[in-house]
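Me: I keep meeting words such as buried, parallel and right-handed in descriptions of proteins, and I would like to see how each one is justified in a real case. Could we go through one structure together?

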Amino acid sequence: MAMLRNSKAEPLECQDDFNGKLVAITGATSGIGYATAREYASHGANLLTINRNKEKTLNLCEEINRDFNVECDFKIADFAHISDVKKVGEELAKSNLNIDVFIHNAGVYLPERTISDDGNEMVFQVDHLGSFILNYILKDKLKAQKKCRIILVNSEGHRFAILGLKLDDLKWEKRRYSGLKSYGSAKTAQLLTMIKFNDYFQNSGVTINAMHPGSVKTNMGEEDSGLFQKLFIERSYRPIEISSKSLYYLGVSKDIEGVSGKFFNLTYEEEPAPPALDREVADELWDLSIKLGELE
Ligand SMILES: NC(=O)c1ccc[n+]([C@@H]2O[C@H](COP(=O)([O-])OP(=O)(O)OC[C@H]3O[C@@H](n4cnc5c(N)ncnc54)[C@H](OP(=O)(O)O)[C@@H]3O)[C@@H](O)[C@H]2O)c1
């Protein structure tokens, strides 16, 4: 009931400016990431965008610079390649940039089972491992900054993983793959590791929250003319501003100061599905994600 009510509500807005602050956003070349990059830039923030397509990125940064006269820097990383993500993470960890807000937005929905060159199911890799690896590599740097808001663009779709995350079958070899279930599993995985990152950042000034950005028309699910598109997206589309304004509110508003480890539907706190709250699975997934990312 809360999910239905919150999904229809108008998100809370923040009118404060963010002049001179630095906002990192993954997947800023289209959809929600693009709208959010423009929203932050319109309030005076400088951007560091992390995208897979260089041409789109150059166009984006030129546009942001022209329209808002703020800095727009970039890194290129295809999350389908773990080595790309690690390289960017390591470069940022060594830099002296002070990142005020880090928005992990890049994500995919795939109707067909796809295995990455790294040997992982692709949605799990892009939607979960990508943000996990960046956060893991950057965690000490962010802690040393003593202030940063990390936001995971997650989804109400995490609820599709009704039976929880199957750690013994992350590649969908033993079960029939479905786009909805794999998307739900990857988003559940991201929420589970948020529990662990939240523990790590306790009392450090760094917060980490996840959010559902609303149901909005983007490139996501375009290749799926089936159930996902028809049942869950098309019927409930809302303007993309609800996503970008919610992400601005969560990153900037004083109302959210110190709030961490929470899931928001737009700007409203909500209880995630039980499988996304399972600490035992979170512990196991944490170790497994470190192993898959070859992080230690
Ligand atoms: N749209 C919705 O209704 C909705 C609902 C709930 C949650 N979400 C979440 O919102 C986030 C943004 O999605 P969107 O709807 O804005 O979709 P979108 O328009 O497809 O944008 C996705 C962004 O992620 C990037 N991306 C995709 N695969 C990547 C990869 N392998 N490596 C690096 N970047 C990659 C895309 O880059 P390119 O521009 O190069 O394709 C694009 O910038 C996702 O995490 C999604 O799960 C969306």
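Reply: What follows takes the descriptive words one at a time and sets each against the values computed from this predicted model.

Me: How do you know which residues surround the ligand, and which are the closest?

Reply: A residue belongs to the shell if its C-beta atom, placed from the backbone, lies within 6 Å of the ligand. By that test 29 residues surround the ligand, and the closest are Gly27, Gly31, Phe79, Gly107 and Thr218. The largest share of this shell, 3 residues, comes from helix α2, which covers residues 31–42.

Me: What makes some of the shell residues polar and others nonpolar or charged?

Reply: The sorting goes by residue type, and Gly is counted among the polar ones. On that basis the shell around the ligand divides into 15 polar, 11 nonpolar and 3 charged residues.

Me: Why is helix α2 called largely enclosed?

Reply: A residue counts as buried if 20 or more other C-beta atoms lie within 10 Å of its own. In α2, 10 of the 12 residues are buried, so the helix is largely enclosed by the rest of the structure. Among these buried residues are Gly31, Ile32, Tyr34, Glu39 and Tyr40. What covers the buried residues of α2 includes the strands β1, β2, β4 and β5, together with the helices α3 and α8.

Me: How do you know whether the span of α2 is close to what is expected?

Reply: The expected span is 1.5 Å times one less than the number of residues. For the 12 residues of α2 this gives 16 Å, and the helix reaches 17 Å from its first C-alpha to its last, which is close to that value. The same check can be made on helix α6, whose 23 residues reach 33 Å, close to the 33 Å expected. As for burial, α6 is mostly covered, with 18 of its 23 residues buried.

Me: What makes strands β2 and β3 a pair?

Reply: Two strands pair if at least two bridges are found between them. Here 5 bridges join β2 (residues 46–51) to β3 (residues 72–76), and the two strands run parallel, so by this rule they are a pair. Leu47 stands opposite Cys72 in β3, and the bridge partner of Thr49 in β3 is Phe74. Strand β2 also pairs with β1 in the parallel sense, over 5 bridges, and there Leu22 stands opposite Asn46.

Me: Why is the unit of β2, α3 and β3 called right-handed?

Reply: A crossover earns that word if, with the strands pointing away from the viewer, the path from the first strand over the helix to the second runs clockwise. The unit made by β2, helix α3 (residues 54–68) and β3 is right-handed, so its path runs clockwise in that view.

Me: How do the side chains of β2 lie, and is the strand buried or exposed?

Reply: In a regular strand the side chains alternate between the two faces of the sheet. Asn46, Leu48 and Ile50 point one way from β2, whereas Leu47, Thr49 and Asn51 point the other way, and all are buried. The strand is therefore mostly covered, since 6 of its 6 residues meet the cut-off of 20 or more C-beta atoms.

Me: What makes the phi of Asn69 worth pointing out?

Reply: Most residues other than glycine have a negative phi. Asn69 is not a glycine, yet its phi is positive, at about 55°. This residue, Asn69, is found in the loop between α3 and β3. Trp172, in the loop between β5 and α6, is likewise not a glycine and has a positive phi of about 60°.

Me: Why is Asn69 called exposed, while Trp172 is called partly exposed?

Reply: A residue is exposed if 12 or fewer other C-beta atoms lie within 10 Å, and partly exposed if the count falls between that limit and the 20 needed for a buried one. Asn69 has 9 C-beta neighbours inside 10 Å, so it counts as exposed. Trp172 has 18 other C-beta atoms within 10 Å and is therefore partly exposed. Glu63, which lies in helix α3, has 15 such neighbours, so Glu63 counts as partly exposed too.

Definitions and conventions
Residues are numbered from 1 along each chain as its sequence is written. This is a predicted model: local features need pLDDT of at least 70, side-chain atom pairs count only at pLDDT 80 or more; totals for chains, interfaces and linings use all residues. Helices (H or I, at least four residues) and strands (E, at least two) are DSSP runs, numbered from the N terminus. Two residues are in contact if their C-beta atoms, placed from the backbone, lie within 7 Å.
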